[in-house]
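I opened this entry to record what I looked up about the packing of side chains. My interest was in what is buried and what is left at the surface.

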Amino acid sequence: IPSEGIVFSFLGSIGKHKGFDVLAQAFADLTETHPEWRLWVIGPRTRAENQNLNEQEVREVCQPLDGLGSRVKYWGRVDDRQALARIIGASDVFVFPSRREGMGIAPIEAMAAGVPVIIARLPGITDLANVEGETGLYVEPGSVSDLKAAMVRLGQDSGLRQEMGRAARQRVDEAFSWESHIARWETLYSNDSRKIR
């Protein structure tokens, strides 16, 4: 990675439902003006890694990245949680442009590693951890132009990345740590026990 390089990371199955086609196009467009930027793709690309994967769709959505060489690194499926944390933590910005999602854990994992996030504005993601403008940015699902603008904003501002990364880690520690969950359960049980008495 060049010293001035910025690494954008993605975690998930490669396909349209995760918005990877949008990310691939946005990143390919941005390499014209930012050749030092990098994209790390973490997740299955073959049926050997995920039997439900459509390999034809994977080839189609990855097509804009063809020819970018070392600017794009495919990590494949990473099952070792410590290795995954190190990879995500070594990136500068986490990108999650999913078109549909339940409870997206990947952005929370990135935030826990102190990485600012760019997330599609979806119910189930919007309602979770990210605080717009504090821990990361939201983009409209399927919008290449929105995603490019968000990537440029964070890619070009190291101070903003660091500030959002710190806030992201703090947000996860305060709202999603085991300690905070245990404290809530203890409060719930103690309140219920008072009502029963």
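The notes below concern a predicted model and go from one strand to the cores and then to the surface.

**Strand β1.** I began with β1 and found it mostly covered, with five of its five residues buried. I then separated its two faces: V7, S9 and L11 lie on one side, F8 and F10 on the other, and all are buried. In a regular strand, side chains alternate between the two faces of the sheet. For pairing, I noted that β1 and β2 run in the parallel sense over five bridges. Within β2, V41 stands opposite F10.

**Largest nonpolar core.** This core holds 33 residues, and those with the most contacts inside it are F8, F20, F27, I118, L147 and M151. I listed the elements that give two or more residues to this core; among them are β1 (7-11), α1 (20-30), β2 (38-42) and α5 (144-155). The largest share, eight residues, comes from α1.

I next looked up L147. Leaving aside neighbours within four places in sequence, I found L147 in contact with V22, L23, A26, V95, P97, I118 and V139.

**Second core.** I recorded another core, lying apart from the largest one, with 23 residues that include I108, V115, V117 and V172.

**Surface.** I asked which residues form a nonpolar patch on the surface. They are W185, L188 and Y189, with about 360 Å² of accessible area together. I placed Y189 in helix α7 (residues 178-196). Y189 counts as exposed because its relative accessibility is 56%, and exposed means over 50%.

Terms used: Residues numbered from 1 in each chain as written. Predicted model: local features only at pLDDT ≥ 70, side-chain atom pairs only at ≥ 80, totals over all residues. Heavy atoms only, no water. Core = buried A, V, L, I, M, F, W, Y, C linked by side-chain atoms within 4.5 Å. Buried < 20%, exposed > 50% of the residue type's maximum accessible area, 1.4 Å probe, protein only. Helix = DSSP H or I, 4+ residues; strand = E, 2+ residues; numbered from the N terminus. Contact = heavy atoms within 4.5 Å. Patch = residues over 30% accessible without salt bridge, like charges linked within 9 Å, V, L, I, M, F, W, Y side chains within 5 Å. Areas by Shrake-Rupley, 256 points an atom, 1.4 Å probe, with all protein chains shown as cover. Salt bridge = Lys/Arg side-chain N within 4 Å of Asp/Glu carboxyl O. Pairing = 2+ DSSP bridges.
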